[in-house]
Structures are given as structure tokens and as C-alpha cells.
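Please look through the sequence and the model shown below before reading on. The explanation afterwards is meant to be followed with both in view.

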Amino acid sequence: MTLPNRLFLLALFNFTLLLPAITIAADDSNSAKQLYTQYCSSCHGAQRLGGMGPALLPGNLSRLRKPDAARVIQSGRAATQMPPFAHTLNNTQTDLLVNYIYEEPDTPPEWTLTDIQSTQQIHFQQDQLSSQPVFQADLQNLFIVVELGDHHATLLDGDTFNPIHRFATRFALHGGPKYSPDGRYVYFASRDGWISKFDIYNLKTVAEIRAGINTRNMAVSFDGRFAMVANYLPHNLVLLDTETLSPIKVIPVNGRVSAVYTAPPRNSFIAALKDDKTILEIPYRAPFQVRSISTDEYLDDFFFDPDYQHLIGASREGDRGQVIHLDSGKAIATVPLAGMPHLGSGISWHYQGKTVMATPHLKEGKVSFIDMSNWKVIKQIDTLGPGFFMRSHDNSPYAWVDVFFGPNKDAVHLIDKQTLEIAHTLKPEPGKTAAHVEFTKDGSHALLSIWEDDGAVIVYDSRTLREVKRLPMRKPSGKYNVYNKTHYSAGTSH
Ligand code: HEC
């Protein structure tokens, strides 16, 4: 070999050695994208919108910390289709991928009416299925228990506390499931925008549609005909016909929608917006004309008075609530409530001749009591830590509030509804998160979640506080009683 040829080969050799390093350093995002396309897109979608696996976009991943995402990629998820990549991808490549999936895509993903329509699946026509339930139980005293741990739901008999049926849901349900007024159907919304309609009488998922990319919750109209879906992505509300889940209307919104509620006496849906000082009201009748109510501040997380004349929304600063008179659209009171009140889980009851509402706080160990006739805080009590859910029932002397955050998350307080003081503190399973209570139809029993992957639903006699039954469940996040939910019981959220 001549000298120039050898030099050329040497140069080529060196260059080839350097090549991979140069490419990664020069364009991380490009190689992350290549890795994604090669190893992930078949299940998570070319644009990260999801497919057989969940969507991998920053908004959708907000509850998964980056180190946990890296662990999932390396080790996979046991008993799911998510495979381990430890033998295929080194740490640098894993980190590239983690950073990639937590970055916004260059072009915001779209999800048009046509996209929504193309995902609709009708598994059963309504008239194919029997209108008689295939099991025996008090149909008004059933519970749906959502088990986030392995994406299932359990239908529970509220008299015997025996599970009737356990079924798979979409990945990561979000916002509570909603019942049709007669309690035959239950509608679920998932983090990635899937809406599913489940026929309780026939124990079958009858229809599904993907109404968004990143969804917060859904509401069902009082007459049961319409469902409204609140999306973070795209920035919109999507109205569905509950019979087949066919989309009726897409309502574009300025920024993200935090939540949508149904307001039965007003025959309307009411939506809270994250990025706009506006409340939206959409009546349940064509042409579904949107009414915008401007507010002085960003309001999130609403609680309504029983006749839906007023709502109280938490201000973004987290130190006060703002009361809005819905007909006039005017702010009529400001309620000082430091420590981020969780108004959406507020409840109300009769106390000394008036209606009081009570709310836990997400950032302070406090419960506040507000006189709803004049919107004054009449009392605040200290709890063992910030709480998330508060529940009661007309037939229960106690309001139950969890201590969801902090070192005392294994405790629940029972507040005496007539003294507004803590009467009991239970520790159902020391060291494990105790959260979210829901009552049976008659209020005689309270069901509480041990919110862990190997968790449980514990059934208490709501007067003696004796444990009646403990049902093993996979991170049971919420329990929903047909009667209490369809009757808008004051002791539960709607
Ligand atoms: C064979 C299909 C498949 C492939 C290939 C795949 N995944 Fe997954 N992935 C899934 C499924 C299914 C889940 C949901 C698992 C569960 O139920 O918890 C998942 C879950 C995840 C999660 C957790 C999401 C969450 O919100 O909890 C991350 C992160 C993830 N995958 C990243 C990746 C990355 C990065 C790749 C490519 C290196 C990849 N996956 C390849 C199917 C797949």
C-alpha cells in the first residue's frame, strides 16, 4: 500500500471512530428522535400521541417524575406490554429519551373533529343488550371503585360489599367516573383523552372514543343526553352524544380547561379555565351557545351552592376564594382561605340553622368552614396535614377528611358536624396512605381507600366506626356510589 493510501485509510478510520460522538454532541434531539422512532414509536405513536401504549408528552407525564420514567424505560413495567430496554439502551441513551419525552414537540399536536371521529368504537349497539341486569343487587347502591394501580375498575355491591365484576379500563383514568341518571351506564375519562361508556347491567364496555390528547375530566348533563370533556390538550371542550359517544361540537378555548361541571338547575355545563380569567357556561341545548363570564382573577376548582346560583372558585395565588353570582356574572365576595383550598372536594351540611361548607386545603393542614349565607369563614381547625378529599352523608354525624400529604398521610379525621371539631382520628393501616371516603346509599357505611399498589378498600360502620370488611385492591383511588352521585348528595362531590 502506498503511503498516501495508508494516510487516507488512517484518516478515514479516525473519522469513523469520531463519528458517533460528534453526531450525539452536535444534535442530541435528533438522535433522541431516532432512538424514539426505532424503539418506542411502534407502541407510543410516531408523534408520541400514544397507541397501544400511553401518550408520552410532557403534559401527560406530569405525574411521573423523570427518574421514574428512566426506571420504567430500563426495567419495563411488570405484567404490562412495556418491555425493559436495559440491554438495548445505555444510560446516556435512556437519559436522551427521557429528556425527549418531557419536551414539547416542535409543532403542537392537533386533534381535530375528524381525528376524534376516526377513533370511535361501538362495541355493542344499545338495542343488542338486555335492559335487565345480569346480576342481583340493589342497583342504586352499587359502587364503582377505580383501581389506578393496574388500570381496572371494580363494580361492588353496596349491601354485601362483594365485588360483582372487575374489568380493564383505559390507561390512567382522570376525574371521577360519571353515571347516567338511571345508573345503568358509567362514563370514564382517561388521562390520554379516551372516553369509555360501560353498561353496568350487562357488564360490558359498549362504546369508546378519544376526545382529546390530555384530558382533565368529564361531566354528564342532568338529563343524561350529553357529555362534556375538558381538555388541557388541545385547548378545548368536546361535547359528546352519550348514546354513542359521537362528537357533537368542539369548542375551542383560550388555554387549558381545568375542569367541567354540570349545573342541573341551570341546565348547563360550567367550565373552569387555567390560563384565562373567564368562566364558561354552555347550556344543554342546541346550538350550545357559549356564555363567557369575565372574572378579575384566574379561578380554578369550583364549588357550587345547592341551587347553583353561586360558585366559589380558588384564586391562582391560593390564598382566597372568589364567589361569583352566576346569573349576573359578578363577583360578590372574597373569602380569605390561605393554603390553597381544595374547593372541588368541598361539602356542605346544616349547622345551627344555616348551611355551612367545609373544605380541606392542599398546602396547609387546615379545614375551613364557611357560612354560605354570607360567605364568611366561621371557623378553621388544624389537621395533621394538608388534605385532599372530604366526604359526609346526611345520615352520618361526621365529615371525614384525609391527610393526603406529608408524614401523617396514614391518618383520617372525623369531624363532628355539630361542633366542627375533630371527634376521632383513625389510622386504618399505619404507614400507608388513607384517602377518599364514600358512603353507601343510606349512609350506614363508609368506604375508605388504602391508596397503595397493594392497597385495599376498608368498609366501616359509619356510626360505631367498626371495620366491617377489607377488600384487597390495586391503588383504589376513588369509589363512586350510584345513588349519592346521581342524587347530587351534599356529602359528596359531583
Ligand atoms: C411493545 C410496546 C411498547 C414499546 C416498544 C415501548 N413501550 Fe413504553 N409503554 C408501553 C405500555 C403498554 C405502557 C403502559 C404500561 C402500564 O400499564 O403501566 C408503557 C409505559 C411507558 C412509560 C410510562 C408512562 C406513564 O405515564 O406511566 C414510559 C415513560 C414509556 N413507556 C417509555 C417508553 C420508551 C421511551 C420506549 C422506547 C425506548 C417505550 N416506552 C417502548 C408499551 C411499550
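The paragraphs below treat the ligand shell, a pair of helices, two sheets and some backbone features in turn.

This is a predicted model, in which local features need pLDDT of at least 70, side-chain atom pairs count only at pLDDT 80 or more, and totals for chains, interfaces and linings use all residues. Residues are numbered from 1 along each chain as its sequence is written.

The ligand is surrounded by 24 residues, a residue being near a molecule or strand if its C-beta atom, placed from the backbone, lies within 6 Å of it. The closest of these are C40, C43, G53, T80 and M82. By class, the shell around the ligand holds 17 nonpolar residues, six polar ones and one charged. Here Ala, Val, Leu, Ile, Met, Phe, Trp, Tyr, Cys and Pro count as nonpolar, Asp, Glu, Lys and Arg as charged, and the others, Gly among them, as polar. At least two residues of this shell come from each of the helices α3 (41-44), α4 (66-75) and α5 (91-101). Helices (H or I, at least four residues) and strands (E, at least two) are DSSP runs, numbered from the N terminus.

Two of these helices, α4 and α5, pack with their axes 10 Å apart and at an angle of about 125 degrees. That makes α4 oblique to α5, since angles under 35 degrees count as roughly parallel, over 145 as roughly antiparallel, 65 to 115 as roughly perpendicular and the rest as oblique. Axes are lines fitted to C-alpha atoms, for helices over the stretch in contact, and angles run from 0 to 180 degrees between N-to-C directions. From α4, the residues K66, A69, A70, I73 and Q74 make the contact, and from α5 the residues T94, D95, L97, V98 and I101; two residues are in contact if their C-beta atoms, placed from the backbone, lie within 7 Å. The contact of α4 with α5 comprises six nonpolar, two polar and two charged residues. In the loop between α4 and α5 lies A79, which has a positive phi of about 60 degrees although it is not a glycine.

Attention now turns to the sheets. One open sheet of four strands has the order β9-β10-β11-β12 and antiparallel pairing, where two strands pair if DSSP finds at least two bridges between them. At its edges stand β9 (214-220) and β12 (247-252); each has a single partner strand, so one side of each is left without a neighbour in the sheet. On average, neighbouring strands of this sheet are turned by 20 degrees against each other, direction ignored.

Within this sheet, β11 (residues 236-241) runs antiparallel to β12 and is joined to β12 by five bridges. L237 stands opposite I251 in β12, and V238 is opposite V250. The two strands β11 and β12 form a hairpin with five residues between them, and L245 in the turn has a positive phi of about 70 degrees. Before β11, the loop that leads from β10 (226-233) contains P234; a cis peptide bond with omega of about -15 degrees joins L233 and P234.

A second cis peptide bond joins A286 and P287, with omega of about 5 degrees. P287 is located in the loop between β15 (278-283) and β16 (291-294).

Another open sheet, also of four strands, follows the order β25-β26-β27-β28 with antiparallel pairing. Its edge strands, β25 (390-391) and β28 (421-426), each pair on one side only. Five bridges connect β27 (residues 412-416) with β28 in the antiparallel sense, and D416 of the model stands opposite E421 in β28.
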